Amino acid sequence: MIRTLLGRAGLVAAAAGLVTLISAAPAAAHGADAPDGTDYRTRTTGVAPARPGLEVRVIEAGARLELTNRTGRTIEVIGYSGEPYLRVGPDGVFENSHSPATYLNRTITGETTLPADADPAAAPDWRRIADGTTARWHDQRALWQEPAPPAAVRAAPEREHRVRDWSIPLRDGTDPVLIGGTLDWVPPPDAYTWWAVTIVGLLAVGAL
């Protein structure tokens, strides 16, 4: 009986050690082409001016934004050149095939060749892409896409840094609206501490 209890305690300790080890890595991002892990934290600060029924949140560890429109009106997301990019309303979700953002936002890196008809100055050509009132998309304005961290992060990588405040314009009819947000650098946990705790747990299992 005592051996059984000790064995179970050992398994619990081993599991705890493995969980500790796994948690030392950056948080994993799931879904589509979301990053495997990231030291950047994207958050939304809300919609201004506020629109009851209009909600925006960050998903996939910051890889995408999700906009849900329950206002009963059509809301447009504005692209990088000031052109209509997405349209979300009671009749579904549409993308403008003339907007460069339609193609740039299909991957998290934005690396794609634009078609000849991707012209932000052209009249919108709306193409239905989903039912419902929720749109999800990558947006370069809310991401850090450079291969190297910002200079402040390189100078003090052990500290948390505000990389930038970002905003994405919307249009409610003729009224301008903004999604606001922040992008921060969050340093990874101290690997030495996590390894030490894990090793102590494994030694305890061995002793048992």
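In what order do the 7 strands of the open sheet stand? In this predicted model, the order is 1-10-9-4-5-6-7.

## The sheet of 7 strands

Strands of a sheet pair through backbone hydrogen bonds, either parallel or antiparallel. In the sheet of 7 strands, the pairing is antiparallel and the sheet is open. Its edges are formed by strand 1, residues 40-48, and strand 7, residues 126-130. Each of these edge strands has a single partner strand, so one side of each has no neighbour in the sheet. From one strand to the next, the twist averages 25°.

One pairing in this sheet can be followed down to a pair of residues. Strand 6, which covers residues 92-96, pairs with strand 7 in the antiparallel sense over 4 bridges. Across this pairing, Phe-94 is found opposite Arg-128 of strand 7.

## The sheet of 3 strands

The model also contains an open sheet of 3 strands, arranged in the order 2-3-8 with antiparallel pairing. Which strands stand at the edges of this sheet? They are strand 2, residues 54-59, and strand 8, residues 134-137. Because strand 2 and strand 8 each have a single partner strand, one side of each is left without a neighbour in the sheet. Here the twist averages 15° from one strand to the next.

Strand 2 and strand 3 run antiparallel and are joined by 6 bridges, with strand 3 spanning residues 64-69. Within this pairing, Val-58 stands opposite Leu-65, a residue of strand 3.

Definitions and conventions: Residues are numbered from 1 along each chain as its sequence is written. This is a predicted model: local features need pLDDT of at least 70, side-chain atom pairs count only at pLDDT 80 or more; totals for chains, interfaces and linings use all residues. Side-chain values use heavy atoms; hydrogens and water are left out. Two strands pair if DSSP finds at least two bridges between them. Helices (H or I, at least four residues) and strands (E, at least two) are DSSP runs, numbered from the N terminus. Axes are lines fitted to C-alpha atoms, for helices over the stretch in contact, and angles run from 0 to 180 degrees between N-to-C directions.
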